[in-house]
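Here's a quick tour of some charged pairs and one hydrophobic spot. Have the viewer open while you read.

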Amino acid sequence: MYLEETDEYKSYEVESMTALNNENCIKIIRTQSQVYKTYYCVAFSGKLKFGLIGEGHGIPPHVERLSDHYIISLDDKLYVVNSQIGDITFKVLDSLIFDILFYADSIAIICELDVYSFCIKKNSLQLNWLTNIEDVVTGYKLTEKQLFIESKEAMAAIDLSNGYLNRLGK
């Protein structure tokens with residue numbers, strides 16, 4: 001069973017919807033799906049506790065903090081939790097989310113086939129840019145001004161200011 005614990009939150013898997021209901025979550029978040037296979041609880045130090053229901057793609061939730069907000073990814077969903085008021089917003093992305101990275105005043109979301117850049121405005125995600133990689137991302141490295149992406153077919157650099165993709169070859 002999956003478990004991640006820090007000073008600010010605890011994220012763990014439970015076995016079923018019944019077990020998730022027994023966790024006394026403030027809110028259980030589920031989006032439209034044909035199949036629900038994974039059940040997670042995310043408890044924050046401020047006594048906020050949410051349930052997340054996933055599709056079972058094998059990638060556990062990833063939680064990051066940005067000032068008063070927690071950014072949580074699960075499958076192809078990206079959640080923003082305002083830790084002060086408990087408000088939650090989410091976006092469904094086009095491919096599975098691998099990682100959440102921060103740069104300047106924005107968030108880079110590394111997905112299986114895409115890279116998104118968002119900023120948070122009034123408790124919601126606002127898209128800065130989206131870059132389609134056209135191949136499965138196998139590695140990445142963030143620098144001050146660029147995000148280097150590696151795939152099975154090629155290397156590329158993304159300009160963080162505008163999302164422009166420059167293919168570098170292999």
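D76 counts as buried, because its relative accessibility is 17% and the cut-off for buried is under 20%. Keep in mind that this is a predicted model.

So who does D76 pair up with? Its side chain meets that of K77 in a salt bridge, with N to O at 2.6 Å. K77 is buried too, with a relative accessible area of just 4%. K77 also has a second partner: its side chain forms a salt bridge with E55, at 3.1 Å from N to O. That second pair ties together distant parts of the chain, with K77 in strand β8 (residues 77–82) and E55 in the loop between β5 (49–54) and β6, 22 residues apart. E55 is partly exposed, at 21% relative accessibility. Put the pieces together and you get a network of salt bridges linking E55, D76 and K77.

Now for another charged pair. The structure holds 5 salt bridges, and one of them joins E8 to R65, where the closest N and O atoms are 3.6 Å apart. This is also a link between distant parts of the chain: E8 sits in the loop between β1 (3–5) and β2, while R65 belongs to strand β6 (residues 62–66), and 57 residues separate them. What about exposure here? E8 counts as partly exposed at 32% relative accessibility, and R65 counts as partly exposed as well, at 34%.

Here are the three pairs described so far, side by side:

| Salt bridge | N to O distance |
|---|---|
| K77 and D76 | 2.6 Å |
| K77 and E55 | 3.1 Å |
| E8 and R65 | 3.6 Å |

Let's leave the charges and turn to V14. Where does V14 lie? You'll find V14 in strand β2, which covers residues 9–14. Is V14 buried or exposed? V14 counts as buried, because its relative accessibility is 7% and anything under 20% falls in that class.

Which residues touch V14, once its neighbours within four places in sequence are left aside? The contacts are M1, A19, L20, E23 and Y39. M1 is a nice one to click on: M1 and V14 are 13 residues apart along the chain, and their C-alpha atoms are separated by 7.6 Å.

Technical notes. Residues numbered from 1 in each chain as written. Predicted model: local features only at pLDDT ≥ 70, side-chain atom pairs only at ≥ 80, totals over all residues. Heavy atoms only, no water. Helix = DSSP H or I, 4+ residues; strand = E, 2+ residues; numbered from the N terminus. Buried < 20%, exposed > 50% of the residue type's maximum accessible area, 1.4 Å probe, protein only. Contact = heavy atoms within 4.5 Å. Salt bridge = Lys/Arg side-chain N within 4 Å of Asp/Glu carboxyl O.
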